[in-house]
Amino acid sequence: MKQNIKATNFNFLCIFFCFQLILFSGCTKNKTEDFFPDRFAPQPLAGTDELGRTMPLNDSVGNPKLNRQVGIFYFLWQGDGTAEIHWDLSEIIPNHPEVLEDYDNPLWGLPVYHKGGRVGMYFWGKPIYGYYRGDDYWVHLRSMQLLTDAGVDFVVIDATNRPIYPAQSEALMRAMDAIREQGKNPPKIVYYTNTKSGETMQKVYDTYYKPEAPYYHPDCWYYLDGKPLIIGISAEAAGHDYQNFFTFRESQWPNESQKVNGWPWISFTRPQKVHLNKNGEAEIINVSVCQHPNPGAGMGGSAFYGNMDNWGRSYRNGSHGKPETDIFYGYNFQEQWDYALKQDVPFIFITGWNEWVAGRWDSKDGNPEHSWFCDQASPEYSRDIEPTRTAGLNDNYYMQMVANIRRYKGTAPFPKVSKQKTIKSFDDWENVFPVYTDYIGDTQARNHPGAESNPKKNYINKTGRNDFYLMKVTNDKKNIFFFVQTREDITAKSGSNWMNLYINCDRKANTGWSGYDFRIVNGNQLQEFKNKEWKTIVELRSQIEKDKMMYTIPLKKLGITHMPNLEFKWSDNMQDDIDPLDWYVNGDVAPGGRFNFIYTRK
């Protein structure tokens, strides 16, 4: 199995180096704008989260490792029976704790009846994109961008309860295809089955994998040992027409004895278990945000009824910590990562990205007025990494995950920088490198129903405007020059949030605004962040020609006296310029979220 991964990556590197020879040998007359230079190698992005934790780079984690792969649990059930009227536990329970002793309290919303029992489907908190449905392409596209930037290799779709979510899967795979068509390397897809696994795997095969399948996206399949990978109970595949189509890994529940080829979605031991393949080799380990080793209590028992058997986000070193102050730091998550990184296994399975939904069931503690929640319950007892403003979690867990994936897999070194050059016109940008690229197609409007069933709501976002595509930077002895190209012609100047450039000149996160010492607004105003506010210090020379724009900045205005060593990002149509989380939702930004491009001559 390890040899399979290495062979794939060896071919990948051969293609990459051949491509680089063609691109920079001078034998081609194509302009660099015609290429996505990161087609075969990710761009090294800098970044620091709001807690001051800085992304490790190549100098600390080394080059990409050829035998390391990361998967993450990914969910498609949002909006599948969400409770009516009230649906966010993080709002219901803190404001109305009396509901915990009154199962039929109307503040729970209207219950859904499932197999004769009462159940309400809730969100434990509010995702940064709102209470979205699992078929919202706009959301999946952003998730796939974030996971691509993180270095995730495959998403594992939860089909353990039999539903396989065709419409939702189609929206997800279209998002994967859209990113792949840009030369990027988005995660691929794996389905995880358990209940009636043989029948569910047949449904998965018929729906997605056989040539006449209605949702056939073969470029989205994740391969292991030369075949698409599926997780389930392989013994139940006997006699099915997909028996020889897949590579199988076994559905491994945390309360089962370890299976050969078992792939765990979570571990209830501390430290977590390492699972072996059929050759007796250590193959995979799970890393999860929090755990519920007492399934009888469920997450809800810990969150709402004082049961301390389960381990929340703040748990570490055998202690539950102090969630009101510890929840932001991901101590439990990091403890799991620290152990996993020492195991030198070829796969890490992360739980999880976007589960969100908490099912409310009849009590298991003998009190019929109590509510029972299994896998999700509250900010502390939940496992989602996807950004949320709920409880101030923000994007801390996402940035933490990215940092640990880099420690596990390594990351690309800084690309070489072309010679210093004076830029006077757009023609002068020829043969300037590196070339930085951004995702395209993400400025399209959103207009999609949310998960709320009563009252119903459509989520609308029309802030997408200029779609960043390609960027360059160079300098001479006096000036630094920034270039950006958009997918279509740049719109007319409009407001202070139009085609802004943010610059972190000292590459420190504790200076300036969120690390940014300078920015350009209104098309030509260079502003410095000083005394907790932005102040214009000079008007600059800028040029626009259809889909191209460039700024010329005197180095001395940025306080640069030696070779530049800085970080930067482009932003258009940000709606709240004091909130970095706005970059996940509105307008367009390159690179995404809190990430920055790096330009260094050191």
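Reader: Which backbone oxygen does the side chain of serine 382 reach?

Author: The partner is the backbone oxygen of proline 379, at 2.9 Å from the serine 382 side chain. Keep in mind that this is a predicted model.

Reader: Where does serine 382 sit, and is it buried or exposed?

Author: Serine 382 is in the loop between strand E15 (371-373) and helix H10 (396-409). Its relative accessibility is 0%, so serine 382 counts as buried. Setting aside residues up to four places away in sequence, serine 382 touches Trp124, Val289, Cys290, Arg313 and Gln376.

Reader: Cys290 is on that list. How many disulfides does the structure have?

Author: Zero, when the whole structure is searched. For cysteine 290, the nearest cysteine sulfur belongs to cysteine 374 and is 11 Å away. A disulfide would need the two sulfurs within 2.5 Å, so cysteine 290 is in none. Cysteine 290 is buried, with 0% relative accessibility. Cysteine 220 is buried too, with a relative accessible area of 0%.

Reader: On to helices. How do I describe two that pack together?

Author: You give the angle between their axes and the distance between the axes. Take helix H4 (residues 137-150) and H5: their axes come within 8 Å and cross at roughly 50°. That angle makes H4 oblique to H5. As for the hand, H4 passes H5 in a right-handed crossing.

Reader: Which residues of H4 and H5 meet?

Author: From H4 come Tyr137, His140, Leu141, Met144, Gln145 and Thr148. On the H5 side they meet Gln168, Ala171, Leu172, Arg174, Ala175, Met176, Ala178 and Ile179. When you look at the spacing in such a list, remember that an α-helix has 3.6 residues a turn, so residues three or four places apart point the same way.

Reader: What about H6: how many of its residues are buried?

Author: Ten of the 13 residues in helix H6 (residues 197-209) are buried, so H6 is largely enclosed by the rest of the structure. Among them are Met201, Val204, Tyr205, Tyr208 and Tyr209, along with Ser197 and Gly198.

Reader: What do the buried residues of H6 pack against?

Author: One helix, H5 (166-180), and four strands: E5 (154-159), E6 (188-193), E8 (227-232) and E9 (247-252). So H5 turns up again here, packing with the buried residues of H6 as well as meeting H4.

Reader: Let's talk backbone. What do most phi values and peptide bonds look like?

Author: Most residues other than glycine have a negative phi, and most peptide bonds are trans. Now for some departures. The peptide bond from arginine 270 to proline 271 is cis, with omega near -5°, and proline 271 lies in the loop between strand E10 (262-264) and strand E11 (274-276). The bond from phenylalanine 433 to proline 434 is also cis, with omega near 10°. Proline 434 belongs to the loop between H10 and strand E16 (436-437).

Reader: And which residues have a positive phi without being glycine?

Author: Asparagine 431 is one of them, with phi near 70°. Asparagine 431 lies in the loop between H10 and E16 and is exposed, at 53% relative accessible area. Asparagine 522 has a positive phi of about 55°. Its place is the loop between strand E22 (518-521) and strand E23 (525-530), where asparagine 522 is partly exposed, with a relative accessible area of 22%.

Reader: What does the side chain of asparagine 286 contact?

Author: Asparagine 286 lies in strand E12 (residues 282-288) and counts as buried at 0% relative accessibility. Its side chain reaches the backbone oxygen of proline 264 at 3.5 Å, and makes a polar contact with the side chain of threonine 351 at 3.1 Å. Beyond four places in sequence, the residues in contact with asparagine 286 include Trp265, Gln336 and Phe349.

Reader: One last residue: which side chain makes a polar contact with that of glutamate 567?

Author: The side chain of arginine 507, at 3.0 Å. Glutamate 567 is in strand E27 (residues 565-572) and counts as buried at 7% relative accessibility. Leaving out neighbours within four places in sequence, its contacts include Ala46, Tyr502, Asn504 and Phe597. The C-alpha atoms of glutamate 567 and phenylalanine 595 are separated by 9.2 Å, with the two residues 28 apart along the chain.

Technical notes
Residues are numbered from 1 along each chain as its sequence is written. This is a predicted model: local features need pLDDT of at least 70, side-chain atom pairs count only at pLDDT 80 or more; totals for chains, interfaces and linings use all residues. Side-chain values use heavy atoms; hydrogens and water are left out. Buried means under 20% relative accessible area, exposed over 50%, partly exposed in between (1.4 Å probe, protein chains only). Helices (H or I, at least four residues) and strands (E, at least two) are DSSP runs, numbered from the N terminus. Contact means heavy atoms within 4.5 Å. A polar contact is a pair of N or O atoms within 3.5 Å; within protein, one must be able to donate a hydrogen and the other to accept it, and residues adjacent in sequence count only if both atoms are side-chain atoms. Axes are lines fitted to C-alpha atoms, for helices over the stretch in contact, and angles run from 0 to 180 degrees between N-to-C directions. Angles under 35 degrees count as roughly parallel, over 145 as roughly antiparallel, 65 to 115 as roughly perpendicular and the rest as oblique. A crossing is left-handed if the near helix is turned anticlockwise from the far one by less than a right angle, and right-handed if clockwise.
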